[in-house]
Amino acid sequence: MSDEPLVLGVETSCDETGVGIVRGETLLVDAVASSVEEHARFGGVVPEVASRAHLEAMAPTIERACQQAGVRLDDVDAIAVTSGPGLMGALLVGVAAAKSLALALGKPLYGVNHLAAHVAVDQLEHGSLPEPTMALLVSGGHSSLLLVPDVTHDIRPLGSTIDDAAGEAFDKVARLLGLPFPGGPHIDRVAREGQVDAIAFPRGLTRPRDLERHRYDFSFSGLKTAVARWVESREAAGEPVPVADVAASFQEAVADVLTRKAVAACRAEGVDALLIGGGVAANSRLRAMAQERCDAAGVQLRVPRPGLCTDNGAMVAALGAQMVRRGRTPSSLSLPADSSMPVTTVLA
Ligand code: KG4
Ligand code: ZN
């Protein structure tokens, strides 16, 4: 038997009910039930629908995870759960489930930060994280650039979006182009047929004046508006909208700003590893551009496989296992859910 901690992680901050089990840095199982299809017709996640779906999926997903991993709940050394940030009602379902497990099994409980878990998950694929690591987290709910000296207790936010999240911009632009929700994968697909320089869309917060105050911040709402205006003007002129060119040019603008700022931060802070996580990390153009720019800057790029980039329970378990390894004090059983938990609070 290994003496690495066996940890069960629960994630319910948005629309994925995730239950993962890891032993140290080894992934045993990653069971996910998504309610994304129930939200599709609304064009975005409906919190109350997500909460109810978590309630229904929680017990079966825990059972499925244990079965697939060949693990009995009794064998688990600790329970980890996302305690924030995220949708309040959704978080509460996971926190209540995790507390019940911890109490019933008499095992320690770790209430962890969702963003930190997006960083920690990479250890399941690429081994221990370099310390420090630079992390770019881009999803439907967040866009942050973080300096991570120690993922279990020292995360320093360098910048974040001042308006829309990167994934939100993908979803909104997809909607404008008549593509289904969530839009990111569809834009990625149709962009392959388009020209990246067909339309010069703006790069938010990259002018010298912006850089003074927002060196590592992002803004995507101006880009989204620019795409909307461009599409409207074509339609008003009775001309067809070249969907592939719009998608490719938009995607290029997002990937350009994200990778430019992330690599600049690595250089300025003397960090030689960049990790990209969150659903948008699945984007093929973002990955390719990040690889080119990291190679040119002598920075090692780490991107977990797409299934580990989107929300899942394994990421929470991975961070929980690090907490156990490093002897961090477990959370209290009165652990609250915190919808706006700051990233500087890694363990509640
Ligand atoms: O991390 P995630 O599953 O959930 C949260 O939002 O926390 O991220 C979902 C987001 C959606 O906005 C989706 O459109 C985007 O990730 N996404 C992508 C791609 N795959 C998913 N965006 C761009 N390109 C993709 N290939
Ligand atoms: Zn997330």
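These legends describe close-up views of a predicted model. Local features need pLDDT of at least 70, side-chain atom pairs count only at pLDDT 80 or more, and totals for chains, interfaces and linings use all residues. Residues are numbered from 1 along each chain as its sequence is written, chains are lettered from A and ligands numbered from 1 in the order in which they are written, and side-chain values use heavy atoms, with hydrogens and water left out.

**View 1. The chain is divided into domain 1 and domain 2.** Domain 1 covers 6-121 + 312-325. Domain 2 covers 130-304. These bounds come from an automatic or database domain assignment. The C-alpha centres of the two domains lie 27 Å apart.

**View 2. Domain 1 meets domain 2 at an interface.** Here 17 residues of domain 1 are in contact with 14 residues of domain 2 (contact: heavy atoms within 4.5 Å). The area buried between them is about 1,200 Å². Buried area is the accessible area (1.4 Å probe) that two parts lose on being put together, summed over both. Carbon and sulfur atoms give 80% of this area. In domain 1, Leu-115, His-118 and Val-119 lose the most area to domain 2. Together they make up 44% of what that side buries.

**View 3. Helices H1, H4 and H13 each give two or more residues to the side of domain 1 that touches domain 2.** H1 spans 36-40, H4 spans 114-120 and H13 spans 313-325. Helices (H or I, at least four residues) and strands (E, at least two) are DSSP runs, numbered from the N terminus. H4 gives the largest share, six residues. This side of domain 1 has 11 nonpolar residues, six polar and no charged. Ala, Val, Leu, Ile, Met, Phe, Trp, Tyr, Cys and Pro count as nonpolar, Asp, Glu, Lys and Arg as charged, and the others, Gly among them, as polar.

**View 4. Three protein residues donate to the zinc ion (ligand 2).** The donors are His-114 (NE2), His-118 (NE2) and Asp-311 (OD). They lie 2.1 to 2.2 Å from the zinc ion. Donors are N, O and S atoms within 2.8 Å of the metal (3.2 Å for Na, K and Ca); water is not among the atoms, so sites may look incomplete. Along the chain the spacing is H-x3-H-x192-D. His-118 sits in helix H4, and Asp-311 in the loop between helix H12 (306-309) and H13. These two residues are 193 apart along the chain.

**View 5. Glu-131 and Arg-326 form a salt bridge.** The N to O distance is 2.9 Å. A salt bridge is a side-chain nitrogen of Lys or Arg within 4 Å of a carboxyl oxygen of Asp or Glu. Glu-131 lies in the loop between helix H5 (123-126) and strand S6 (133-138). Arg-326 is in the segment after H13, 195 residues away along the chain. By this rule the count comes to 20 salt bridges. Across the interface of domain 1 and domain 2 the rule finds zero.

**View 6. Two cis peptide bonds precede prolines, Pro-85 and Pro-182.** The bond from Gly-84 to Pro-85 has omega near -10°. Pro-85 is in the loop between strand S4 (78-84) and helix H3 (88-105). The bond from Phe-181 to Pro-182 also has omega near -10°. Pro-182 is in the loop between helix H6 (166-176) and helix H7 (184-191).
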